[in-house]
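Please look over this predicted model with the sheet, its packing helices and its cores in mind. A short report follows.

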Amino acid sequence: MKLYPALLSILIAVQVVGASDQPNILWIVTDDQRYDSIRAFNQMLTGEEMSPLGYVESPQVDKLAAAGTTFINAYCQAMGCAPSRASMHYGRYPFRSGIYEFEYHNTTAPHREPSIPEHLAELGYHTVQIGKLGFRLRQEQPGGWMKAFNPYAQSISFRELAAEGLVDWGRVWINELDGVKLDEPLSNLRFFVLPDGEIKYFSLEVEELFPDRKGDTVFLNEEFDLLRHHNARKPPAKDKGMILSGVSPQPAGKTRDAYYNVSLSELLANENQTFKMGELEFDGVDPSKPLFVHLGYDFPHTPVLPPADYRERFQRYTYELPELTEEELETMPEQLKRATSFGASDHYTDEEKQKMIQDYFAFCAYGDALVGQAAKDFVEYSNRHGQPWMIVYVCGDHGWKLNEHGSVSKFTPWNIDQQNPIIVVSSDRAAFPAGKVVRDFTEFVDIAPTILAAAGADLGDPKFDYLDGFDMARIASGEQPSRDYVTGESHAVTGPRAFIRMKDFVFSMQTRPDKSHGGNMDWGLTAAYEDVDPALYHMPSDPGEVNNLAFNPEYRDVANAMREKLGNIVLGDNRVEVNWGPKADGVEIFRSNFAPDAHDGQLEL
């Protein structure tokens, strides 16, 4: 895998073509990536290149940071893939869109607004999605049934590439195998593609149905040294459980994420003609139109499978192992205890924890090389046509714990799950200066207005009034007043819980008594303090967020002020709750607006 050492010079050497020209835009989002996997971010935050856990490497993203503007204190709005990606695509908070977890939503809801690619299509862009999207949108069809709707004009998805075997692993639905028609289809089968192209499944059910495949599951677990997540009271299952550590069955360049890069390269190389990925045929780029590409990588999401050469190299390093203490558990809120139990990991041996961390950071390093390749190809295409360009790189749709708080998971409002820096590199150096670090709070809802403004949208038009975020070019220049806090709400795994984070304090609480929608929508403000399961952490003295101060009398005034502000924002400032239906086939909407304009970005303690 080439590391493209010339990337920085390519990025810096480009000249602005014209301020009125619409730039080609590459929007990169990685999956479950911690901010401390990037050396440049660690340097900005702590003055040290390495993670507090140990060795990391990220030469390509470091070069993007040197060539562009880094928004180091950027935060996601929800700590789960689908709601986080919805907030990015819509530029709306979960409590404004009604998308709180992994529910499918539809285009017919009256409060629904267009997503980024839909707006860009109106602005003349050719929109392309490659890799993971995670935007669970459906559209009503004649007859009233709902069909998955991709708002991009062109899609090259992981499912399509997996069906062609252009992956190292995947999941598939089958009704026929080895030439035998099955009585009942098998769904969600995880498989590996071996170096010789053979496909083997992780399925004891398949092994029962097909005796020739007996032992495949054991072979895969042993051959690729897989460490699965399991409950402390039970041994790991042979064919189930998150793969927290292992080695890819394919070499670098032939993994799932690598084929996303190949797809992008082929798209850009085949101008005004078709190209093939396996037997699939796609249209190449039309240089007469501005181009918008959303490139969604899967790394370092589970299964954590770095290629062998990366894995071997990172096994040389020994990492600090976070520990869960009785003191932390004593004050940990019940919702967060439940969330950490979802990915509980403190029962693993130190050797197993080392492998988890080594392989996670090895996977991030491999992904870094892919990011560099994609950026290089995109900029070279734009330069070849004398077109302006912009790259928006988002380090994770949220973060990931590596035994912090005793868990390997996401979903919680602790900083390691929330902070996801953003880099914007642009041929417009005035808008996004090289090497600039912006320390003002930034949120994922800022991504949509940033991309739309760069593409030529007039954000002053009333049709954009629904946007909750700001153009990051204005944040970088100081034209946009800085926020005192960031906020959001997530329901996945924890149950309904919202957070408000300031420079020195972060407060979170249960917002609703359960996941049912409508009725008693001010519950988070009117319920007893103990019932909202509060958490308050003081970041300067407790950066690891292990000592919950919510019930400490010395901090009760701070907690009350933050609870009131948070509750008024997420519960009372144009809140929306939606019963989307099991297939997004219905829309029942509940609204709450008892504290209009509470979300003003200002809070003094």
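Eight strands make up an open sheet of mixed pairing. Their order is β8-β5-β16-β1-β17-β18-β2-β19. The edge positions belong to β8 (154–157) and β19 (436–438). Each has a single partner strand, so one side of each is left without a neighbour in the sheet. From one strand to the next, the twist averages 15 degrees.

Inside the sheet, β1 (residues 24–29) runs parallel to β17 (residues 389–394), and six bridges join the two. One residue pair can be named here: I25 has M390 of β17 as its bridge partner.

Two helices pack on these strands. Helix α3 (residues 59–67) touches β2 (69–71), β17 and β18 (422–426). Helix α14 lies across β1, β16 (291–296) and β17. The table gives their directions.

| Helix | Strand used for the angle | Angle between directions |
|---|---|---|
| α3 | β18 | about 60 degrees |
| α14 | β17 | about 165 degrees |

Now the cores. The largest nonpolar core has 70 residues. F41, V293, L295, Y297, F361, I391 and Y393 have the most contacts inside it. Which helix gives the most to this core? Helix α14 (residues 350–384) does, with 17 residues. A second, separate core holds 46 residues, including M88, L133, V394 and I475.

Y297 deserves its own entry. Neighbours within four places in sequence are left aside here. Its contacts include I28, V29, T30 and D31. Y297 also contacts R85, K132, D257, Y260 and N261. L370, V371 and A374 are further partners of Y297, and these three positions fall within the residue range of helix α14.

Next, two residues in strands. Is H294 buried or exposed? H294 lies in strand β16. Its relative accessible area is 1%, under the 20% cut-off, so H294 is buried. Beyond residues up to four places away in sequence, H294 touches W27, V29, H89, V128 and Q129. I130, K132, L133 and Y152 also touch H294. V29 and K132 appear among the contacts of Y297 as well.

K276 is found in strand β14 (residues 274–277). Its relative accessibility is 48%, which lies between the 20% and 50% cut-offs, so K276 counts as partly exposed. K276 and F378 are 102 residues apart in sequence. In space, their C-alpha atoms are 19 Å apart.

Key. Residues numbered from 1 in each chain as written. Predicted model: local features only at pLDDT ≥ 70, side-chain atom pairs only at ≥ 80, totals over all residues. Heavy atoms only, no water. Core = buried A, V, L, I, M, F, W, Y, C linked by side-chain atoms within 4.5 Å. Buried < 20%, exposed > 50% of the residue type's maximum accessible area, 1.4 Å probe, protein only. Helix = DSSP H or I, 4+ residues; strand = E, 2+ residues; numbered from the N terminus. Contact = heavy atoms within 4.5 Å. Pairing = 2+ DSSP bridges. Axes fitted to C-alpha atoms, helices over the stretch in contact; angles between N-to-C directions.
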